[in-house]
Amino acid sequence: MKNFDTDHSLVPPGVDLLDLVNRYGAPIKITFLDNIKNQILKLKNTFNKAIENNNYKASFYTVNANKANYEYVGIAQAIKYGDGAECSSYYDLIITKMVIEKLNLKNNKYLICNGYKNKDYIKEIVKSKNDGWHIIPIIDCLEEYELYKKYNSEKNYSTPLEVGIRVHLSSQYIEEGSVITDDRFGVTEDEFEFIVKDLKENTNLTLSTIHFHQRGFEYEKDKYLINIQKSFTNFYVKAKQNFNSVKNFDIGGGTPLPESNDFDYDSWSDLTVKAIQEMCIKHKVAEPNIISENGKYNRKNSQINIYEVAKVKYTDKAYPWYIVDGSLLIAMPEYYALGEPMKIVPLNLLSNNPVKARLCGMTCDCDDVFYDKDKGYILLPEIKEDETLYIAIMGTGSYQDSMNGKGGVHHCLIPEERDLILWTDEFGDMQEYLQNEIQSIDDIVRLIHIK
Ligand SMILES: Cc1ncc(COP(=O)(O)O)c(C=O)c1O
């Protein structure tokens, strides 16, 4: 009988986690750059196959949703193997341009700009276009549209700004007589009609892209198809019928990444390409490029955290507390805030007897705990005298470090883990680089401004 969950499928072949922990020590975060590359190439490959098999007459592009994780080496890797980046703010745009310039890839990559656009962000978008970047801001509201018109006509900018429109699709429900929608994003059909009409008079903006974002979701085929159909029929087709410049259908993020690890990407890409193709035939419009913006899909399985069980405490006789030398609350905030599933596995002592235990972090927070909520415990190896147990959180690469403020001041001033990067070099050898030692008192002193 298998006692413990020991799924290490995201650990690249040849990597020995215990050896790394023995050499560097716990707590440690490990980023596998190869996983980012492999995920992106897998997605490109599956869509290219679907495009070829269906004789689809346009291309697939994938850009990295930087918001999932801002670690430089990770976004550099994702941008290098993908087709560009999706930015969400003024700072994100500035930093992303720095990364792409460092990689010397300015001429080959797209910048898709989503997020709330303050004036700085809008001005930087317009300036970037005039500095030669291939940038497509996605309009989220009418005020934003008006500002592009204004700024792109200033300073005698000579070429039109290429823009996209995010469409509002969310399901609606009625409450006390009014219609409530469950997200704020995108323009409504009325606003869309207004922009399409108004754009005819405004030659300094060129509409190229219709965008909808499928929220991070447990993939539901029917819902996915309905959203694609709605956004394509109600928005893309109208836009294309009015402007020949319209050529991209951006399906946003939310690329499936179920916990079960058994998702059939070939069927999914085929379904997507076929659905768009059928609507093109029905409405007699040319097939668009398909753009996908990936955060979780690109990054979740590129990082793991490893902790040592520092102490076992028997406050509760039934289920001992296994206290790790870090904080689970800080390591995986998405699990606590949004219920994102997380996999925690023991790394050693696997031949010891299983113990019904509960894991907890070192903070003073009662919520800094983890166990199977249905069972009330998780199975972990018994720890005998002089033995040390290590546990790993598998898949902390997307949104955890964006939400926990990596490099910041954390709960109870528990210091941040060491930070190790692993990648395969051009000769096929695994390389490692310790990017950061465990967070120091000096780091924290600086952050809390002790003068
Ligand atoms: C517009 C947009 N694109 C892409 C993403 C990335 O989504 P995911 O992490 O599900 O790939 C998000 C996430 O919030 C988003 O808002």
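**Charges on the surface and in pairs**

Let's start with E218, which sits in the loop between β9 (205–211) and α8 (221–242). Keep in mind that this is a predicted model. E218 is exposed, at 53% relative accessible area, and together with E220, D222 and E259 it makes up a negative surface patch.

Now compare another loop glutamate. E416 is found between α13 (400–403) and β19 (418–424), but its relative accessibility is 10%; buried means under 20%, so E416 counts as buried. Leaving aside residues up to four places away in sequence, E416 touches G405, K406, G407, G408, H410, I438 and Q439. F185 is another matter: its C-alpha atom is 34 Å from that of E416, with the two positions 231 residues apart along the chain.

On to charge pairs. Side chains of opposite charge can pair when their charged atoms come close. This structure has 23 salt bridges. One of them joins D19 and R23, at 3.2 Å from N to O. The two are four residues apart in helix α1 (residues 17–24), so about one helical turn separates them. Both ends are partly exposed, D19 at 31% and R23 at 46%.

Helix α9 (residues 265–283) has a pair with that kind of spacing: K274 and D270 are four residues apart, about one turn, and their side chains meet at 2.6 Å, N to O.

K296 and E340 also form a salt bridge, with their closest N and O atoms 2.9 Å apart. K296 lies in helix α10 (residues 296–299) and E340 in the loop between α12 (333–338) and β14 (343–346), so this pair ties together parts 44 residues apart in sequence. K296 is partly exposed at 24%, whereas E340 is buried at 13%. Finally, D5, D7 and K343 are joined into one network by salt bridges that share partners.

Conventions:
Residues numbered from 1 in each chain as written. Predicted model: local features only at pLDDT ≥ 70, side-chain atom pairs only at ≥ 80, totals over all residues. Heavy atoms only, no water. Patch = residues over 30% accessible without salt bridge, like charges linked within 9 Å, V, L, I, M, F, W, Y side chains within 5 Å. Areas by Shrake-Rupley, 256 points an atom, 1.4 Å probe, with all protein chains shown as cover. Salt bridge = Lys/Arg side-chain N within 4 Å of Asp/Glu carboxyl O. Lys, Arg positive; Asp, Glu negative; His and termini not counted. Charge placed at Lys NZ, Arg CZ, Asp CG, Glu CD. Buried < 20%, exposed > 50% of the residue type's maximum accessible area, 1.4 Å probe, protein only. Contact = heavy atoms within 4.5 Å.
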